[in-house]
Amino acid sequence: MPLAPTGPGTPSAYQGNPYDQTLYGLPGRPSVAPGPALYGMQAPPYGQGPYGPGAYPPGSYGYPAAPFYVPPAPSNGMGLAALVLGIVGTVLAPTVVLGAVLGVLAIVFGAVGRVKARKGEATNPGQALAGLILGGVGLVATVLMVIVYINIDVDDNDGPAPDDDPGATYGAYLSAPVLVVDRSASR
């Protein structure tokens, strides 16, 4: 009987003795099915078939598998920081200093966040844009508050009562309740 041609999947492709009849069975006798080892025989090691180790590792058909590409995590910190700073800067615009500082920071972080989103490094261009806009709103509100603070009319007559007239204390703020008592009627 001639030998089988060599190639993947043929018995002669596996290492070992091709004439070993222990697993194939002798002619006229039933063959041993692969599975749990019979009494006195060892089971093949894990990853090895009943015919010995394979000539090719499992799953090695065609080109080798490419390693999995894991894209880098998006860096959304700039857009998120711009949004938070824009909100806080707009709310704190009446304090003038914090409104101006946080507004400028929100504009800078928003611009950097938009550039990162345009390059594909971040996935939150909307948050960066909202931070940019809110930073501008915070700056405008701060400028308006400065104008309001400058134009507040401070009148010197609105202050506390003068020291020379201690009875005018109520007159400066509230009208004092007056109780009129007729002393002649009470005698």
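How many helices and strands does the secondary structure of the chain come to? In this predicted model, the tally is five helices and zero strands, and reading from the N terminus the order is simply α-α-α-α-α. Of the 187 residues in the chain, 13% are buried. The chain exposes about 14700 Å², and carbon and sulfur atoms account for 66% of that area. As for contacts between residues at least 6 apart in sequence, 62% of them link residues at least 24 apart.

Helix α2 is a good place to start looking at the details. It runs over residues 97–119, which gives it 23 residues. From the first C-alpha to the last, α2 reaches 34 Å, close to the 33 Å expected at 1.5 Å a residue. Its buried residues are G99, L102, G103, A106, G110, G113 and A117. An α-helix has 3.6 residues a turn, so residues three or four places apart point the same way. On the other side of the contacts, the buried residues of α2 pack against α1 and α3.

Both ends of α2 come with a positive phi close by in the chain. Ahead of the helix, V96 sits in the loop between α1 and α2; its phi is near 60°, a positive value in a residue other than glycine. V96 counts as partly exposed because its relative accessible area is 22%, and the buried class is kept for values under 20%. After the helix comes G120, with a positive phi near 90°.

Further along, N124 belongs to the loop between α2 and α3, the latter spanning residues 125–151. Is N124 buried or exposed? Its relative accessibility is 8%, so N124 counts as buried. The side chain of N124 makes a polar contact of 2.9 Å with the side chain of Q127. Once neighbours within four places in sequence are set aside, the residues in contact with N124 are N76, G79 and L80.

L80 turns up again at the surface. Together with V84, I87, V88 and V91, L80 makes a nonpolar surface patch of about 410 Å². One of these residues, V88, is found in helix α1, which covers residues 77–91. V88 has a relative accessibility of 33% and therefore counts as partly exposed. L80 thus has a part in two of the features described here: the contacts of N124 and the nonpolar patch.

Technical notes. Residues numbered from 1 in each chain as written. Predicted model: local features only at pLDDT ≥ 70, side-chain atom pairs only at ≥ 80, totals over all residues. Heavy atoms only, no water. Helix = DSSP H or I, 4+ residues; strand = E, 2+ residues; numbered from the N terminus. Buried < 20%, exposed > 50% of the residue type's maximum accessible area, 1.4 Å probe, protein only. Contact = heavy atoms within 4.5 Å. Areas by Shrake-Rupley, 256 points an atom, 1.4 Å probe, with all protein chains shown as cover. Polar contact = N/O pair within 3.5 Å; in protein donor to acceptor, adjacent residues only side chain to side chain. Patch = residues over 30% accessible without salt bridge, like charges linked within 9 Å, V, L, I, M, F, W, Y side chains within 5 Å. Salt bridge = Lys/Arg side-chain N within 4 Å of Asp/Glu carboxyl O. Expected span 1.5 Å × (residues − 1).
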